[in-house]
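I set out to record what the model shows about its nonpolar interior, its strand pairing and its surface. The entries follow in the order in which I looked things up.

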Amino acid sequence: PFDQVRSIRIQTGIRTDRMVFLAIDPFKRVPDLKENWALLRLEYVHDNTINPAINIWNGTRFKIYGDLNGQISGNYGDVFNNPNNPPPKGRFMYNMGIDARHYVKIYRNFIWATRFSADLSWGSRKLIYYLGGTDNWLNPKIHQTPVNTNENYAFQTLAVNMRGYKQNIKNGNNVMLLNTELRLPVFATFIDKPINSAFLRNFQTTTFIDIGTAWNQKLSFKDANYAIYTDPSSGVTTKIKQGFLGPFVGGYGFGARTTIAGYFLRVDAGWPAVAFFRGSPIWYFGLGVDF
């Protein structure tokens with residue numbers, strides 16, 4: 001730490017992954033595989049926020065971070081060609097990103113919260129980000145956006161929150177995301193007396209806008225706001241609009257949060273930003289606070 005607000009943090013570790021082929025797998029005769037990675041993470045953190053109530057913050061916090069993952073042994077990428085081939089030298093995966101959050105007090109504990117995040121992954125192996133949905137979504141729905149099989153992905157993760165869409169509305173080794181929402185603790189804001197019920201005290205309504213994109217190699221605005229599907233039997237190609245500004249997709253909607261049986265639960269209804277409240281929303285039921 002430099003002071004109470006700023007710090008530099010370093011994390012190191014060893015990661016071991018084991019791949020076990022199922023008996024019904026076409027490659028069931030291939031022996032089990034194991035990969036070993038050496039991990040290094042460096043991040044700069046600035047945090048001057050205060051937390052007057054659950055899911056309510058005042059101030060600014062951000063972190064800028066970089067990851068270096070070095071593959072020590074194992075070679076998933078070449079297993080189907082030559083399972084006995086040792087991994088080549090220089091197997092490194094790099095990740096760099098930022099996560100910045102700013103909270104503005106409007107009235108008492110009624111706040112405006114904004115978050116911007118971006119992540120880039122490169123190297124001999126990469127991390128794939130699936131954009132869409134929310135964190136800890138209890139009933140996740142998956143969008144069948146194809147994955148670029150020419151990229152040598154090592155791991156996968158979600159890029160959230162991107163409400164108004166299913167998981168995997170876009171994917172790639174780079175991602176950018178902006179969330180902004182109003183959070184209103186309804187009863188705690190307008191009632192001056194102490195509220196004993198955690199359900200009423202922590203009950204919040206929200207309205208939100210999410211904008212994001214994910215891509216490989218370089219970000220292109222050419223025809224990027226359409227998903228293209230081709231029927232292999234008929235050869236018919238269908239284009240479906242999925243964004244509102246070039247490669248970016250956007251969603252908006254409303255939500256509510258509160259504490260039930262000690263858990264902070266949330267529900268959101270999100271629409272894609274291609275029309276004004278057209279059709280039924282996608283419902284998101286989940287656990288957790290903040291973004």
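Before the first entry I fix one term: helices here are DSSP runs of H or I with at least four residues, numbered from the N terminus. I also note that this is a predicted model.

Entry 1, a helix residue. I looked up Leu200 and found it in helix 2, residues 198-201. Is Leu200 buried or exposed, or does it fall in between? Its relative accessible area is 33%, and since partly exposed covers the range between under 20% and over 50%, I entered Leu200 as partly exposed. Leaving aside residues up to four places away in sequence, I recorded contacts of Leu200 with Phe187 and Ile195. I then took the C-alpha separation of Leu200 and Arg41, which is 41 Å, with their positions 159 residues apart in sequence.

Entry 2, the surface. I looked for a nonpolar patch and noted one of about 650 Å², made by Val104, Ile106, Tyr107, Trp112, Leu182, Phe190 and Ile191. Which element gives the largest share of this patch? Strand 5, residues 92-107, does so with three residues. Phe190 of the patch belongs to helix 1, residues 186-190. I entered Phe190 as exposed, because its relative accessible area is 57% and the cut-off for exposed is over 50%.

Entry 3, strand 10. I checked the burial of strand 10 and counted nine of its 12 residues as buried, so the strand is largely enclosed by the rest of the structure. I then traced its partners. Strand 6, residues 110-123, pairs with strand 10 in the antiparallel sense over 10 bridges, and Ile111 has Arg183 of strand 10 as its bridge partner. Strand 11, residues 204-215, also runs antiparallel to strand 10, and 12 bridges join the two. Here I noted Leu178 opposite Ile211 of strand 11.

Entry 4, the interior. In soluble globular proteins, nonpolar side chains tend to be buried together. I therefore looked up the largest nonpolar core, which has 14 residues; Leu131, Met162, Val175 and Val249 touch the most other members. Strand 7 (126-131), strand 8 (153-159) and strand 10 (174-185) each give two or more residues to this core. Strand 7 gives the most, with three. For Val175 I listed contacts beyond four places in sequence, among them Tyr129, Leu131, Ala159 and Trp215. Apart from this core I recorded another, of six residues, including Ile56, Trp57, Ala113 and Phe291.

Conventions:
Residues numbered from 1 in each chain as written. Predicted model: local features only at pLDDT ≥ 70, side-chain atom pairs only at ≥ 80, totals over all residues. Heavy atoms only, no water. Core = buried A, V, L, I, M, F, W, Y, C linked by side-chain atoms within 4.5 Å. Buried < 20%, exposed > 50% of the residue type's maximum accessible area, 1.4 Å probe, protein only. Contact = heavy atoms within 4.5 Å. Pairing = 2+ DSSP bridges. Patch = residues over 30% accessible without salt bridge, like charges linked within 9 Å, V, L, I, M, F, W, Y side chains within 5 Å. Areas by Shrake-Rupley, 256 points an atom, 1.4 Å probe, with all protein chains shown as cover. Salt bridge = Lys/Arg side-chain N within 4 Å of Asp/Glu carboxyl O.
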